[in-house]
Amino acid sequence: MAQTPAVEIIEVGPRDGLQNEKIPFATADKLSLIGGALDAGVRRIEVASFVHPRLVPQMADAEDVVAALPDRPDVTYIGLVLNKRGLLRALATREGGRRGVDEAGAVAVCSDGFGQRNQGRTRLEAVEDATGIVSLAKQEGMSAQITLSTAFGCPFDGPVAPETVVDTAKRLAEAEPKELALADTIGVAVPAQVTDLVGRVREAVGDIPLRAHFHNTRNTGIANAWAAYEAGVTRLDASIAGLGGCPFAPKATGNIATEDLVYLLQRSGVDTGLSLDGLIHTATFVEGVLGLPTPGQVSKAGGFPGSA
């Protein structure tokens with residue numbers, strides 16, 4: 001049996017990576033992206049979001065993508081759901097004996113300003129929505145996790161107090177989700193802030209595993225991922241080629257690139273179970289489909305010179 005990697009990287013490119021792209025990404029190309037990620041060793045991947053296509057046109061083919069996914073028992077397919085209607089769509093992908101989505105990803109916003117503009121919900125209302133999603137998903141035999149968005153700052157409210165994030169996490173922990181993720185939705189965090197917040201949330205939620213999700217808007221994403229790892233977080237989100245951004249957060253640019261993160265970790269002696277060459281190949285494919293340069297750096301420079 002393969003050894004469990006020291007860090008589990010959750011690939012979010014097919015969803016969070018593509019949702020903000022203006023150039024249409026065909027269903028077949030999404031499946032090629034997913035296939036490339038799986039070939040590179042990814043075993044947990046966010047494949048779609050079940051949201052209204054008017055709001056996020058790139059996700060209009062969510063059901064088509066899920067229906068065509070390879071039936072891999074060693075892979076967990078994640079679908080983002082923002083409300084009960086989205087969860088019901090995700091659950092419907094499993095009807096009739098189909099594989100469908102394995103895991104629901106709910107979201108709880110840590111700031112009222114972003115929550116009201118994004119989903120028309122306050123922070124506490126978003127907590128109620130997310131815990132309800134987790135409860136219903138588990139009743140239906142689907143695992144569920146929750147991401148705390150704007151955990152490090154809000155584009156409308158500015159700084160978010162750590163005490164507010166901790167309170168949000170404690171309320172969410174009562175639903176016993178698979179994990180809680182701290183998300184730097186607009187890419188404002190710095191490593192010292194990450195270290196502090198991870199420690200506070202860990203103390204507040206006990207044994208619930210923590211995940212971290214960073215955007216590289218201000219070029220601190222990779223440093224923040226390393227700070228999260230040093231603080232004990234062993235589950236990190238990343239997006240092949242560094243794609244990403246939030247349609248509802250002004251100037252929120254891409255996620256940290258999966259290949260950049262893997263390079264950092266592997267050169268630091270941290271096992272990820274992923275093939276850097278495979279990730280670079282897939283990032284090059286994505287850039288070709290878009291016809292534009294992508295933010296990732298390692299896919300342009302390659303791995304360490306002379307290394308296998």
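Which backbone oxygen lies 3.0 Å from a polar atom of the side chain of Thr131? Select Thr131 in this predicted model and display its polar neighbours: the partner is the backbone oxygen of Glu128.

**Stop 1: Thr131 and helix 6**

Thr131 belongs to helix 6, which covers residues 123-139. With neighbours within four places in sequence set aside, Thr131 is in contact with Arg171, Leu172 and Ala175.

Next, extend the selection to the whole of helix 6. The helix comprises 17 residues, and the distance from its first C-alpha to its last is 24 Å, close to the 24 Å expected at 1.5 Å a residue. Its buried residues are Arg123, Ala126, Val127, Ala130, Thr131, Ile133, Val134, Leu136 and Ala137. Colour these residues and then show what surrounds them: they pack against helix 4 (84-92), strand 4 (103-109), helix 5 (112-118), strand 5 (143-149) and helix 7 (162-173). Just after helix 6, select Gly141, where phi is positive, at about 80 degrees.

**Stop 2: the nonpolar core**

Now select Ile45, Leu87, Val165, Leu180, Leu182 and Val201. Within the largest nonpolar core, which has 95 residues, these six touch the most other members. Centre the view on Val165. Not counting residues up to four places away in sequence, Val165 touches Cys110, Leu148, Ala151, Val160, Leu182, Leu197 and Val201. Leu182 and Val201 are thus both contacts of Val165 and members of the group with the most core contacts.

**Stop 3: salt bridges**

The structure holds 21 salt bridges. Begin with Arg15 and Asp16, whose side chains meet at 3.7 Å, N to O. Are these two residues buried or exposed? Arg15 counts as buried because its relative accessibility is 8%, under the 20% limit. Asp16 is also buried, at 4% relative accessible area.

Move to Arg99 and Asp71, which form a salt bridge of 2.9 Å, N to O. Arg99 sits in the loop between helix 4 and strand 4, and Asp71 in the loop between helix 3 (62-67) and strand 3 (76-80), so the pair ties together parts that are 28 residues apart in sequence. Arg99 is partly exposed, at 24% relative accessible area, whereas Asp71 is exposed, at 61%.

Then select Arg72 and Asp74, where the side chains meet at 3.0 Å, N to O. Arg72 is partly exposed at 23% relative accessibility, and Asp74 is partly exposed at 38%.

Finally, select Glu8, Arg44, Glu103, Lys178, Glu179, Arg211, Arg235 and Asp237 together; a network of salt bridges links these residues.

Terms used: Residues are numbered from 1 along each chain as its sequence is written. This is a predicted model: local features need pLDDT of at least 70, side-chain atom pairs count only at pLDDT 80 or more; totals for chains, interfaces and linings use all residues. Side-chain values use heavy atoms; hydrogens and water are left out. A nonpolar core is a set of buried Ala, Val, Leu, Ile, Met, Phe, Trp, Tyr and Cys residues joined through side-chain atoms within 4.5 Å. Buried means under 20% relative accessible area, exposed over 50%, partly exposed in between (1.4 Å probe, protein chains only). Contact means heavy atoms within 4.5 Å. Helices (H or I, at least four residues) and strands (E, at least two) are DSSP runs, numbered from the N terminus. A polar contact is a pair of N or O atoms within 3.5 Å; within protein, one must be able to donate a hydrogen and the other to accept it, and residues adjacent in sequence count only if both atoms are side-chain atoms. The expected span of a helix is 1.5 Å times one less than its number of residues. A salt bridge is a side-chain nitrogen of Lys or Arg within 4 Å of a carboxyl oxygen of Asp or Glu.
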